[in-house]
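Student: I would like a close look at one part of this model. Please start from a single residue and work outwards to whatever surrounds it, giving the geometry where it is available.

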Amino acid sequence: MSSCFVTRGSTMLTSITEGILCCLTGKAASLVLPLESSEPSDGFEFVEVKPGRVLRVRHIIPERPLVVTEQQVAGKEKTDGDEDDGVDGSPEDYSESNTGSSVHCKRKITVYRNGQLVIENLGDVLHSEILQCQDGDLEPCSTVEVELADYKEMPSSPDPNPVPPPVPSPHGEQKPAPPPRRRRRKPKRTVQIDSKRVISSCKGTHSDVALFFVHGVGGSLDIWGSQLDFFSRLGYEVIAPDLAGHGASIAPQIAAAYTFYALAEDLRAIFKRYARKRNILIGHSYGVSFCTFLAHEYPDLVHKVVMINGGGPTALEPSLCSIFQLPSCVLHCLSPCLAWSFLKAGFARQGAKEKQLLKHGNAFNVSPFVLRAMMSGQYWPEGDEVYHAELTVPILLVHGMCDKFVPMDEDQRMAEILLFAFLKVIEEGSHMVMMECPDTVNTLLHEFFLWEPDMSRKDSSKTDTAPSDTLHTLKINKSMDK
C-alpha cells in the first residue's frame with residue numbers, strides 16, 4: 001500500500017515539474033506522438049485519410065467458405081433443380097439481401113416558433129419487447145427494461161395552443177360573447193419522412209455485413225477488445241479505428257484537427273473504405289455522435305446502430321466553464337488527478353481489475369493538448385432533436401446504471417426522439433460498460449444484430465385497427481430559438 005502512494009506521489013511531482021517547465025518555456029513538455037502498439041501487426045492497418053493524417057485501424061476479416069455467385073447459383077438451379085449445391089453457408093451469402101422485413105417509416109416533425117417540437121409517428125411501430133436476452137451467460141436481473149410512455153392524440157395536426165371548448169350556459173341566461181379565436185401559429189419548420197426500410201437479421205456468415213466500432217474522447221480501439229474478439233470469432237468482419245491523437249494514430253499539432261467536423265470526415269473516409277452492403281455502427285460516448293452523423297449521411301448503407309452511453313439528442317456545444325478550457329500545461333499538471341477522476345466516474349468499482357482495464361484499454365491516455373482540443377472542438381449545431389428524429393435506422397441504446405457522465409434521463413430522451421429505438425439498462429455497468437460487463441454487452445449486441453421485426457402481426461391486425469389508433473404524437477418543449 002505504501003509503495004503505491006510513493007509511486008503515485010512521484011508521478012504527480014514529475015507531472016507538476018514538467019508542467020512548470022511547459023509554462024516557462026511555452027512549449028509542450030513532450031511531443032504528442034502516437035502510442036506504440038504492443039499487439040502484433042496482424043489485423044492492424046494504417047490508413048491515410050488525408051495527406052499526413054494517418055489513423056490506425058484494426059480490421060479483422062474472418063475466414064469464410066467459398067462464396068457462390070448469383071450467376072453460378074442460377075445456372076446450377078437450371079441444371080440440378082432443387083438439388084443441394086454442396087457449398088456450406090453459400091445460401092446465406094447470396095440470398096441475404098433478399099430477406100428481411102419491410103417497415104414503413106413515416107413521421108411528421110414540426111418545429112414551432114415558440115420552441116415546441118411535435119413528432120407524429122404515422123407508420124409502423126416496433127416495440128422493445130422483441131429483445132429478450134435469451135442467449136449468453138447472464139446473471140439474474142443483470143439487465144432491466146425501461147418502458148417509455150406512449151404519447152397518443154387523435155388530431156393529425158395538433159395545435160400547440162388549443163382553445164378549450166365553450167361551456168354550455170343554463171337555460172334562460174344570456175350567452176356571453178365568444179372569446180376571439182386565436183390565430184393558429186404557423187410552424188417554423190416541417191419535415192416529412194415517408195419511406196420503406198428493409199430490416200434483416202445480420203449473421204456472422206453473411207459476407208455483406210460489417211461492424212464499425214467508434215470510441216470516444218480519451219479512448220482507443222483497445223477499449224473494444226472484448227467485442228472485437230467475440231464478434232470476429234462469430235464470423236463478423238470488424239473495423240475499429242483510433243481517432244486522431246488517440247491510440248496509435250497520428251496526433252496533429254493544431255487544434256483545428258480535432259473539431260467534430262474534422263474527425264467526422266476522418267470517419268467518413270474510413271467508412272467509405274471498408275463499408276459493405278449492410279453496416280452496423282457501434283459508438284461509445286462521443287463516438288455516438290459520429291455514428292449518428294454517418295447514419296444520417298448514408299441511410300441506405302447503415303443497417304443498424306448501437307449507442308452506448310451516448311447522451312441525449314442535443315446539439316453539441318463546448319462548455320466555456322469546463323476544466324478542459326485551461327491551458328495545456330495546467331492540464332498536464334492535473335493529469336494524474338484527471339485520470340483518477342475518470343477512473344471513479346467511468347467505472348462502477350475502482351479496484352485493481354478496473355485499473356488494469358483502464359491501462360490495457362489505453363483509456364484516458366492522451367496528451368493534454370489533444371484532450372483540450374477534443375473537448376473544445378465539440379461543436380455540432382446540426383445534431384439537434386430534429387436531426388436525430390429524421391433517422392429511420394433501428395437503434396439499440398445501452399446505458400450503464402452507474403454512469404456518472406451521462407444521466408439516465410438523457411438516454412430516455414434519446415429513445416423518445418428516435419423512430420425505432422430500444423433502451424437497455426445494465427445495472428452493474430457504468431460509463432465503460434463494454435469493459436466492465438463484456439459478456440452482457442456482447443449478448444445484447446449479438447441479439448440486436450440477429451433481430452428481425454416480425455410484421456406478420458401487423459398484417460393480420462390491419463383490418464381491425466382504425467387509422468386513428470395508429471397515430472402516436474410526441475410533444476417536446478425545448479428552449480426558444482434565438
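Tutor: At 2% relative accessibility, Asp 266 counts as buried, and this residue is a convenient starting point in what is a predicted model. The side chain of Asp 266 forms a salt bridge with that of Arg 53, with an N to O distance of 2.6 Å. The two partners belong to distant parts of the chain: Arg 53 is in strand 2 (residues 53–60) and Asp 266 in helix 5 (residues 260–274), a separation of 213 residues. Arg 53 has a relative accessibility of 10% and therefore also counts as buried, the limit being under 20%.

From Asp 266 one may follow helix 5 to its neighbour, helix 6. A general point helps here: two packed helices are described by the angle between their axes and by the distance between those axes. The axes of helix 5 and helix 6 (residues 287–297) come within 10 Å and cross at roughly 60°. With that angle, helix 5 is oblique to helix 6. The crossing of helix 5 past helix 6 is right-handed.

The contact itself can be listed by residue. Helix 5 contributes Phe 260, Leu 263, Ala 264, Glu 265, Leu 267, Arg 268 and Phe 271, which meet Ser 289, Phe 290, Phe 293, Leu 294 and Glu 297 of helix 6. By class, the residues of this contact comprise eight nonpolar, one polar and three charged. The spacing of such lists can be read against helix geometry: an α-helix has 3.6 residues a turn, so residues three or four places apart point the same way.

Helix 6 merits attention in its own right. Nine of its eleven residues are buried, so the helix is largely enclosed by the rest of the structure. The buried positions are Gly 287, Val 288, Ser 289, Phe 290, Cys 291, Thr 292, Phe 293, Leu 294 and Ala 295. Their cover includes helix 5, strand 7, strand 9 (278–284), strand 10 (302–308) and helix 11.

Several of these covering elements lead on to other local features. Strand 9 is joined to helix 6 by a loop that contains Ser 285. Ser 285 has a positive phi of about 55°, although it is not a glycine. This residue is partly exposed, with a relative accessible area of 22%. Strand 10 is followed by a loop running to helix 7 (328–333), and Asn 309 lies in that loop. The phi of Asn 309 is near 50°, again a positive value in a residue other than glycine. Asn 309 has 0% relative accessibility and so counts as buried. As background to both cases, most residues other than glycine have a negative phi.

Strand 2, reached earlier through Arg 53, has a further charged residue to consider. Arg 56 and Asp 222 meet through their side chains in a salt bridge of 3.6 Å, N to O. Arg 56 lies in strand 2, whereas Asp 222 lies in the loop between strand 7 (209–214) and helix 4 (225–233), so this pair ties together parts that are 166 residues apart in sequence. Arg 56 is buried, with a relative accessible area of 3%, and Asp 222, at 16% relative accessibility, counts as buried too. Together with Asp 242, these two residues are linked in a network of salt bridges.

Helix 11, another part of the cover of helix 6, leads to a third pair. Glu 390 forms a salt bridge with Arg 189, the closest N and O atoms being 3.5 Å apart. Glu 390 lies in the loop between helix 11 (385–389) and strand 11 (395–400) and Arg 189 in strand 6 (residues 187–199), so the bridge ties together parts that are 201 residues apart in sequence. Arg 189 is partly exposed, because its relative accessibility is 41%. Arg 189 is also among the residues in contact with Thr 110, together with Gln 116, Leu 117, Val 118, Pro 187 and Thr 190, leaving aside neighbours of Thr 110 within four places in sequence. Thr 110 is placed in strand 3 (residues 101–112) and is buried, with a relative accessible area of 4%.

The wider setting may be stated briefly. The protein has 15 helices and 13 strands, and 46% of its 482 residues count as buried. The salt bridges number ten. Among contacts with a separation of 6 or more, 81% are between residues 24 or more positions apart.

Notes. Residues numbered from 1 in each chain as written. Predicted model: local features only at pLDDT ≥ 70, side-chain atom pairs only at ≥ 80, totals over all residues. Heavy atoms only, no water. Helix = DSSP H or I, 4+ residues; strand = E, 2+ residues; numbered from the N terminus. Buried < 20%, exposed > 50% of the residue type's maximum accessible area, 1.4 Å probe, protein only. Contact = heavy atoms within 4.5 Å. Salt bridge = Lys/Arg side-chain N within 4 Å of Asp/Glu carboxyl O. Axes fitted to C-alpha atoms, helices over the stretch in contact; angles between N-to-C directions. Parallel < 35°, antiparallel > 145°, perpendicular 65-115°, else oblique. Left-handed = near helix turned anticlockwise from the far one by under 90°. Nonpolar A, V, L, I, M, F, W, Y, C, P; charged D, E, K, R; others polar.
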